[in-house]
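Here is a friendly walk through one protein and the ligands that come with it. Keep the structure open beside the text as you read.

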Amino acid sequence: MKHSKIAIIGGGNLGAAIAEGLLKSKFITPDHLTVTRRNTDALGTLAQQGVHTTSDNKKAIHDSEVIIVAVKPYNVREILESLKENFDPARHIVISVVTGVFLKDLQGIVKTGVPIFRAMPNTAIAIQESVTCLCHQGASVEQVSYVTELFDQLGITISIDEKLMDAATVLGACGIAYALRFIRASTQGGIEIGFDAKTANLIAAQTVKGAAELLLKLNRHPEEEIDKVTTPKGCTIVGLNEMEHQGFSSSLIKGIGASYDKIVK
Ligand SMILES: NC(=O)C1=CN([C@@H]2O[C@H](COP(=O)(O)OP(=O)(O)OC[C@H]3O[C@@H](n4cnc5c(N)ncnc54)[C@H](O)[C@@H]3O)[C@@H](O)[C@H]2O)C=CC1
Ligand SMILES: O=C(O)[C@@H]1CCC=N1
């Protein structure tokens, strides 16, 4: 599978981000990658790098072995059903990043026998910093290893039970927006206490990056690192406690629950 050609059906926010990440990682050369979209003008940046861009999904599938489906959940059935006869179970694998659409549903709309993966990355895949949760049905050991290697190039990959895929969507994919909102709020606070917006944003973003790296690189628990910052009677604990009085952790937990309910209910 190593030198397989890849087609991304639906070069929108996530599909284009996956393409960018694949190119940056050099997992694939531009001439082995096709990205489709109804309006291909929006794929100009990829086309300039040598990626095939087209609105012809049938040709994209014909020219590729690995088909990444990145269209909206309400479009996926109609699009895949119209392409059913273009799949060859002996040649193709499908990777769906579509939220809330189960392997068993995909199995019913993709041609019988085609191995199917569900992947849940986030938009940091464009810079090879995604966390991608993965599950599959009907794939060989070689295919699983290929797909894992593909997403490993684009961040970290975690193999999960499909029943956790909705939770992965919320924590990992929606999580990018939650984290960015935290940075935006920090920036606004930073401006109130004296920084210009650009400097405040830089300090807030690098601080979040540093905090995350303390956990990822040193394998620490958040509270262990928080203890090191909270001087007794100091300013950090006063700020943190005020945030908690205002519902900081509670609002985040409730927001995660609300996002989850939106997918599953
Ligand atoms: N945006 C995100 O952060 C994440 C999105 N997802 C999932 O990925 C999927 C795509 O999401 P987005 O990229 O945000 O949506 P999007 O709307 O930006 O992208 C979908 C693209 O599909 C294209 N499209 C529609 N019909 C088509 C057709 N017949 N042939 C080819 N292309 C067609 C649209 O023009 C659009 O560019 C969704 O199912 C979403 O739930 C999953 C994880 C994260
Ligand atoms: O908000 C959404 O529906 C999609 C799923 C994960 C990220 N964006």
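## The annotated N-terminal span

Residues 5-99 have their end C-alpha atoms 24 Å apart, and helix accounts for 36% of this span, strand for 20%. In UniProt, an unreviewed entry lists these residues as "domain: Pyrroline-5-carboxylate reductase catalytic N-terminal". Please keep in mind that everything here is computed from a predicted model.

## The protein as a whole

Stepping back, the protein contains 11 helices and 8 strands. Its C-alpha trace spans about 70 × 40 × 30 Å along the principal axes. Of the 265 residues, 29% are buried.

How are the contacts distributed along the sequence? Taking contacts between residues at least 6 apart, 62% join residues at least 24 apart.

## The sheet

The strands form an open sheet of 8, arranged in the order E3-E2-E1-E4-E5-E6-E7-E8 with mixed pairing. Strand E3 (52-54) and strand E8 (155-159) each have a single partner strand, so each edge strand has one side without a neighbour in the sheet. On average, neighbouring strands are turned by 20° against each other, direction ignored.

A good pair to look at is E1 (residues 6-9) and E2 (residues 33-36): these strands run parallel and are joined by 4 bridges. Within this pair, isoleucine 9 sits opposite threonine 36 of E2. Elsewhere, helix H6 (residues 141-152) packs on the sheet, where it touches strand E5 (93-96), strand E6 (116-120), strand E7 (130-137) and E8. The direction of H6 makes about 165° with that of E7.

## The two ligands

Which residues come nearest to ligand 1? Among the 24 residues around it, they are Gly10, Gly12, Leu14, Thr99 and Ala173. Helix H1 (13-25) and helix H4 (73-82) each contribute at least two residues to this shell. Sorted by class, the shell has 10 nonpolar, 11 polar and 3 charged residues.

Around ligand 2 you will find Thr99, Thr169, Ala173 and Cys174. This shell is made of 2 nonpolar and 2 polar residues, with no charged ones. Thr99 and Ala173 are thus named for both ligands, being listed among the nearest to ligand 1 and also around ligand 2.

## Two loop residues with positive phi

Most residues other than glycine have a negative phi. Two residues are worth a look against that background. Lysine 26, in the loop between H1 and E2, has a positive phi near 65°. Glutamine 128, in the loop between E6 and E7, also has a positive phi, near 60°.

Is each of them buried or exposed? Lysine 26 counts as exposed because it has 8 C-beta neighbours inside 10 Å. Glutamine 128 counts as partly exposed because it has 17 such neighbours.

## Out along helix H7

Finally, find alanine 185 in helix H7 (residues 165-192). Why does alanine 185 count as exposed? It has 12 C-beta neighbours inside 10 Å, and a residue is exposed if 12 or fewer lie within that distance.

Alanine 185 also gives a sense of distance across the model: its C-alpha atom is separated by 49 Å from that of threonine 112. Along the chain, alanine 185 and threonine 112 are 73 residues apart.

Methods
Residues are numbered from 1 along each chain as its sequence is written. Chains are lettered from A and ligands numbered from 1 in the order in which they are written. This is a predicted model: local features need pLDDT of at least 70, side-chain atom pairs count only at pLDDT 80 or more; totals for chains, interfaces and linings use all residues. A residue is near a molecule or strand if its C-beta atom, placed from the backbone, lies within 6 Å of it. Ala, Val, Leu, Ile, Met, Phe, Trp, Tyr, Cys and Pro count as nonpolar, Asp, Glu, Lys and Arg as charged, and the others, Gly among them, as polar. A residue is buried if 20 or more other C-beta atoms lie within 10 Å of its own, exposed if 12 or fewer, and partly exposed in between; C-beta atoms are placed from the backbone. Two residues are in contact if their C-beta atoms, placed from the backbone, lie within 7 Å. Two strands pair if DSSP finds at least two bridges between them. Axes are lines fitted to C-alpha atoms, for helices over the stretch in contact, and angles run from 0 to 180 degrees between N-to-C directions. UniProt positions are given in the numbering used here, feature names are shortened, and annotations may be inferred rather than shown by experiment.
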